[in-house]
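Grab a pencil and work through these exercises with the model open beside you. Try each task before you read its solution.

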Amino acid sequence: MGKINFTTDEASILQAYKLSSQNPTKWEDIDHDLEDPLSDLLTSQSNDGDGDPLGLGGVTDLTSLDAESKMSVLISSKSFDPKAFLSAVHPNATYQDLAAGINHLQSSIDARSEAVRVLVEDNFDRFVAVKASTDALYAEMREGLLSDKAEFATKPLVDYLKRSAVKANQVFLPILENGAKTQKLRTTLGVFERSKFFFSLPGFLVESIEAGRYEAALRQYNKGKFLLDSRPGQLLPVEAGANAGSTAQQKRILDKVWANVEKVMGEMKALLLARLQEQGRSVEEMERGIEILLELNVPEDPIWTYFDSQHKRIMDRMSTAYRTGVSNIDATKSRTAPELSTPNALRQILSAQLQVSIVALESKAPEAVIAQAGGHEVWQVIWDMVKNVSEVMVSSLPNFWKIARSFLEGKFKRPSSSRRSASQCRQMALDIIKLYINFISEFFILSDVLSNSPTPNSPEHLPSHSNSLTTAHWLTKILSEVQDCVTEIGALELGEGGLVKGLVESVRWRFQDILVRSWLRDANYMYALESFTPDVSAPFTTLYLANLESFMRHLATSAFKIASGISTDSGSGVLRATQQNTVPPAFVSKITKAFLDAIYAVLDGFLVLVTEEAPPGVGTIVAAGIPEGEGKQELIDLRDSNTRLLLVISNFSHLSGSLIPSMLSQLENALSISVEDDRKILMKAVTALDKTLFDGYVKPKAAAVAVILQEGILDKDMDWYETPQPTEIRPYMYKALMGLVEIHAQISRVAENLLERGMYALVENVAQDALLSFKQVKRFGMGGMLRATLEIEFMHQTLARYVSPSAAKTLSELYNKISQAYARRPGDENLQGNLDSVKRTLAESRRATGIEFMCFRAAKDKSGKAKKEKDEGRERGKDRGKDRDGRADNST
């Protein structure tokens, strides 16, 4: 018999990994302690020395067999199978071998039996002892543990079990009951599994409504309604052959669920209707809500619910914005109104504002200063009011009209016809526009552009202490807001028939009136801005002219912007249109008239500056026209009316010669018009006013010199017939000429550009006054004639630089008058000698007074002009000498 060979301890491996085979095909977890095959295998592992029971000497490799096959092969296994053993261990054994094997097996069994018998005989006393001990133990247990009273030791155990059962009922019975209920619910859910959609429909609708998914809610509602109407058995299945009670119960359940659905949908309808009446919703959201409500067939017509509610809401919001705005405007105006305790208080307030605002025009950001001038608080709340009313309409009307237009095109209509006309929604939109127009018209008192009615007063809500520059700024800003609003409304194509276009025209016309009133009012106060500060960029003028130009240009620009809505560039001093819009003729006429009226008002203001009383705050300034680098600058006293008059006349020269023509040319270019007739009238008025002012300075000065000449010529102590030959010039002539020196000095110091004009006029007046005085002398003797000729010639030569042709003609008449009044007497034969003596006296007097009257000479730096004037003086001197000689000869 061969020996079995195990190369690996397979049983230990299977026991360790709880496997039934070393080649498992699925997951296994076997407890080998409870199963025999593996225990048999383990037992067989310890009996490896038994060998082949048939004694044929075969060796078998059991490693390739699984555990069950091994158990059938091992002789020590309880599941030993002789057939499997022979086929596995001795597959090739012959009959003779098997017969010999049987004999060998029998011998082995007998040997084992003999061995057992010997074992029992050798250990019999031990068997007896064990039996005695076992009997004694049993007897003791019968008396104690296994007695009848203890019910064979089961009573305590039964007691424990009963108490455990009670406790278990307390603990586990609720669990079991809940489990039964759970099972019942599972059964019920199983029954209603196919009705899950219907029973969850209310909750789904609530979730969809809360999330704003109204279309999804509508789809699910329609689906549930369809199933309820057409397939109720599919929603809640009932077993075939069910009685009427089950059917009724099914109907009650369905009705209850559907009642909840209808309740939720009712809430959704109410919510959508409420949303149609809210503001701030988008057009798409409103249209979606209307479509859903139409599909739900609500009693109310959703489209008219939307129109009525939104129309009322927009109208109410506009009214509230307007009334609130007006209240704020009145409160702000009352709070910020200045105290006008004196008649000139308003003028002083406006002058201070204009001073700051005009200076700001030359800065980089003038609007920031101008917008914050007097009355800006009131203007701000006015603009806020217009903006708020406009925003209400612009933010609401486009959405309203978009839905209305869709309705007019046939959308959102119910199957059943409505008694209300679709065109009513257009009228609602027009009502909103008309209300906006009414509010703007009511506040600003608008009128038609071509209306012949008298111009109304300024709106009562506007600030009275706001200067024209600030007024122009805010009017332009308000007009821009109205224009933007009208542009957006006009783009809606409501077919309003030109309502909004007419509104813009009326607003522009009214704003033009307001601006013109403010413009003219401030033009009358412009003189208060004259501080007589010299303008270094324009010699012999003051900064007032530059401020005046900025003032006129800015307001003309603002008027142009209001009239045309065109953005302009005033920085270069020229109005330039950036869009090809035509200014209506009525506006052109109004702007032109306002511009000219403002100039006339400014011209009137010049007269105020030369009154006897000096303007407030005026003291001394550096003389105009003297550069800072040319030595010591001289101060002039502005409290002197003559000084102010000279400065005003000097400004007039620049005003009439340059400023007014330039401004008129700019106005013509901007408005594409010609104001030639108005220009002529204006320049005529400027010339007349200039002459008035100039005469106001020259005539009093000339009159003072004329008094001196008259007193000297018509002196009662002077006998022109008997006076001897002159040896000197009388003092009165020096006094008169020194008066002219003082006048010359004042003009040179204040306005040197007026020097020639002033001196020419003075000399003309002085010559005329001298002629009038000498005409009162009846006759001259030789001495009187020579004296008169000497004094007049001295004056003539001293003032030769400023003797105009008119003055020269007057002096010539004066010489002729003296010559004609000469009465010759005996002894007057030596005329030529006397004339030579007079010439010497004249020359000596000229030399003696050269310093005093040096101011009348031509300046040396102007050599060409000085030489020309000197030559002209020599020629005039020669002519006068010839005239005198001729007159003397005639007299002889």
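**Exercise 1: the whole chain**

What does the accessible surface of the chain come to, and what share belongs to carbon and sulfur atoms?

*Solution.* Start with the ground rules: this is a predicted model, where local features need pLDDT of at least 70 and side-chain atom pairs count only at pLDDT 80 or more, while totals for chains, interfaces and linings use all residues. Residues are numbered from 1 along each chain as its sequence is written, and side-chain values use heavy atoms, leaving out hydrogens and water.

Now the surface: it comes to about 47700 Å², and 53% of that belongs to carbon and sulfur atoms. The areas come from the Shrake-Rupley method with a 1.4 Å probe, and for residues only the protein chains shown count as cover. Next, the inside: of the 892 residues, 42% count as buried (buried means under 20% relative accessible area, exposed over 50%, partly exposed in between, with a 1.4 Å probe and protein chains only). Last, the secondary structure: you get 29 helices and two strands. These are DSSP runs numbered from the N terminus, with helices (H or I) of at least four residues and strands (E) of at least two.

**Exercise 2: one helix**

Find helix H12 and work out how its reach compares with the expected span.

*Solution.* H12 covers residues 283-296, which is 14 residues. The expected span is 1.5 Å times one less than the number of residues, and that gives 20 Å here. From first C-alpha to last, H12 reaches 20 Å, close to that expectation. Then look at which residues are tucked away: the buried ones include Val 283, Met 286, Glu 287, Ile 290 and Leu 293. An α-helix has 3.6 residues a turn, so residues three or four places apart point the same way. Just after H12 comes Asn 297, with a positive phi near 60°.

**Exercise 3: the core**

Which helix gives the most to the largest nonpolar core?

*Solution.* First, the core itself: it has 202 residues, and among those touching the most other members are Phe 307, Leu 397 and Trp 519. Such a core is a set of buried Ala, Val, Leu, Ile, Met, Phe, Trp, Tyr and Cys residues joined through side-chain atoms within 4.5 Å. The top contributor is helix H16 (residues 376-408), with 17 residues. Now zoom in on Leu 397: leaving out residues up to four places away in sequence, its contacts (heavy atoms within 4.5 Å) include Ile 314, Ala 429 and Leu 492.

**Exercise 4: a threonine**

Is Thr 471 buried or exposed?

*Solution.* Locate Thr 471 in helix H18 (residues 468-490). Its relative accessibility is 4%, so Thr 471 counts as buried. Then check its surroundings: not counting residues up to four places away in sequence, Thr 471 touches Trp 379, Ser 466, Ile 514 and Ser 518. Gly 375 is 96 residues away in sequence, yet the two C-alphas are 8.7 Å apart.

**Exercise 5: unusual phi angles**

What is the phi of Ile 445, and what is the phi of Phe 540?

*Solution.* Remember the background first: most residues other than glycine have a negative phi. Ile 445 has a positive phi near 55°, and Phe 540 has a positive phi near 65°. Ile 445 sits in the loop between helix H17 (424-444) and H18, and Phe 540 in the loop between helix H19 (499-525) and helix H20 (543-564). Finish with accessibility: Ile 445 is partly exposed at 35%, and Phe 540 is partly exposed at 22%.
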